[in-house]
Amino acid sequence: MESRVLCMLANDVLALPIFKQEDPSLPLDGETKHPPFQYVMCAATSPAVKLHDETLTYLNQGQSYEIRMLDNRKMGDMPEISGKLVKSIIRVVFHDRRLQYTEHQQLEGWKWNRPGDRLLDLDIPMSVGIIDTRTNPSQLNAVEFLWDPAKRTSAFIQVHCISTEFTPRKHGGEKGVPFRIQVDTFKQNENGEYTDHLHSASCQIKVFKPKGADRKQKTDREKMEKRTAHEKEKYQPSYDTTILTECSPWPDTPTTYANNSPSPAPTFTSSQQSTCSVPDSNSSSPNHQGDGVSQASGEQIQPSATTQETQQWLLKNRFSSYTRLFSNFSGADLLKLTKEDLVQICGAADGIRLYNSLKSRSVRPRLTIYVCQEQPSSATLQAQQQAAGSGGENGSGTPYVYHAIYLEEMVASEVARKLALVFNIPLHQINQVYRQGPTGIHILVSDQMVQNFQDESCFLFSTVKAENNDGIHIILK
């Protein structure tokens with residue numbers, strides 16, 4: 001009887017207009033599709049929500065809330081799951097699309113500040129009818145379990161993150177960000193793995209410190225009581241329970257979950273941990289380049305670029321950490337993002353670097369020098385070159401060919417590295433770099449000397465064997 005009452009209540013609530021977060025492919029009210037399951041969270045909805053907006057439910061941090069898993073099939077629907085178990089994954093995720101882009105970084109920051117805690121837990125002693133519950137220590141926002149649709153099933157969840165933890169701190173009193181509770185349900189495939197999607201539903205929530213949700217609900221109710229009857233007509237009534245509304249499945253592909261083979265829980269962070277993790281120092285450093293010229297000045301992405309071409313451009317420009325994040329972006333989509341969007345999605349360092357790359361803004365080097373390798377037989381030609389001025393010629397009338405060396409760091413080791421790179425000299429063979437001074441003396445090139453080089457200075461350089469015949473010295477003239 002209790003289940004019937006809940007189903008009647010659920011059907012009434014589902015008659016509300018389709019919400020913006022729902023899958024546009026879902027049937028409208030006039031169509032006949034009947035959802036196979038219904039999930040009811042035993043927490044009241046806010047009365048301060050306008051008629052055509054999605055419901056909002058306030059939860060207390062750490063409090064156990066029941067989600068009733070109801071079999072809503074009509075007679076004869078989905079006979080293949082009759083008498084069998086299904087798997088459900090419950091997640092707490094960001095409602096705001098901008099935060100969804102950076103959720104891995106956001107959750108890593110939360111994990112750092114709250115070591116040992118989870119965003120979402122199952123209260124197993126309170127739960128009824130759930131089997132083989134699983135949580136993954138590396139995926140803190142999801143829980144999963146098996147259950148039998150033919151039996152009474154209730155999962156009690158606890159949300160441990162609060163909405164204001166993901167709000168930039170300014171002057172206090174900031175509005176907390178909304179989350180979503182989403183349930184995705186799967187059946188077994190022919191291999192016994194729970195990967196065939198059956199149904200998904202979600203609802204919008206905000207999480208407060210203990211007892212904060214009760215105070216917020218009371219405040220909203222009091223505000224509504226002060227409104228006129230005409231104003232109240234624009235708002236939804238508060239329901240004692242929250243019906244999760246149908247939505248698209250969470251975009252992760254479920255991993256293998258066989259009855260006899262435990263596997264990690266497939267949560268929304270599983271795909272991003274390998275491809276959208278916080279970039280390492282090599283990939284995010286603006287000075288990590290393959291040659292003397294900044295690669296940001298490479299080929300600019302075109303608005304007509306396909307999604308595949310956009311992926312190739314990201315890889316070529318050292319944004320491999322974000323290829324999964326931008327997997328559905330064309331060139332035009334990427335170019336529409338503002339600098340602020342990219343900083344929020346990729347973080348300050350890589351966001352600015354990606355913005356500059358999209359706009360073909362190369363980073364100006366701190367120092368540029370021009371270097372030409374002196375031929376062994378032309379040692380006497382240096383004076384001729386100097387007499388002719390920069391861009392001189394050798395004795396046969398052939399002009400000296402100089403290579404530009406761009407230094408992002410004003411240190412001697414950077415000079416050696418760039419010379420090795422441009423002139424194909426194994427770096428480990430370079431012992432020292434000297435500068436030829438007055439009367440032909442050799443002066444060791446130090447960091448301080450490099451810092452006093454004039455921009456766009458010209459040098460001839462030669463190589464001599466080291467005293468122990470192990471490697472070479474480079475002499476700049």
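These legends describe close-up views of a predicted model. Local features need pLDDT of at least 70 and side-chain atom pairs count only at pLDDT 80 or more, while totals for chains, interfaces and linings use all residues. Residues are numbered from 1 along each chain as its sequence is written, and side-chain values use heavy atoms, with hydrogens and water left out.

**View 1. The two faces of helix α3 (residues 103-113)**. Helices are DSSP runs of H or I, at least four residues, and strands are runs of E, at least two, numbered from the N terminus. The buried residues of α3 are Glu 103, His 104, Leu 107 and Trp 110. They lie on the same side of α3 because they cover an arc of only 125° around the axis. That arc is taken from the directions from the helix axis to the C-beta atoms. Trp 112 and Asn 113 are exposed, on the face turned away from the buried side. Buried means under 20% relative accessible area, exposed over 50%, and partly exposed in between (1.4 Å probe, protein chains only).

**View 2. Salt bridges within helices α11 and α13**. A salt bridge is a side-chain nitrogen of Lys or Arg within 4 Å of a carboxyl oxygen of Asp or Glu. Asp 350 pairs with Arg 353, the closest N and O atoms being 3.5 Å apart. These two are three residues apart in α11 (residues 348-358), so about one helical turn separates them. Both Asp 350 and Arg 353 are buried. In α13 (residues 412-422), Glu 414 and Lys 418 are four residues apart, about one turn of the helix. Their closest N and O atoms are 3.3 Å apart in a salt bridge. Glu 414 is buried at 5% relative accessible area, and Lys 418 is buried at 1%.

**View 3. The salt bridge of Asp 121 with Arg 118**. The closest N and O atoms of this pair are 3.3 Å apart. Asp 121 is partly exposed at 22% relative accessibility, whereas Arg 118 is buried at 12%. A network of salt bridges links Arg 114, Asp 117 and Glu 165. The search of the whole structure finds 13 salt bridges.

**View 4. Lys 216 beside Tyr 58**. Lys 216 sits in helix α4 and is partly exposed at 28% relative accessibility. Lys 216 and Tyr 58 are 158 residues apart in sequence, yet 7.6 Å apart in space, C-alpha to C-alpha.

**View 5. The loop residue Asn 452**. Asn 452 is in the loop between α14 (447-451) and β17 (457-465). Asn 452 is exposed, with a relative accessible area of 59%. Its C-alpha is 9.1 Å from that of Met 410, 42 residues apart in sequence.
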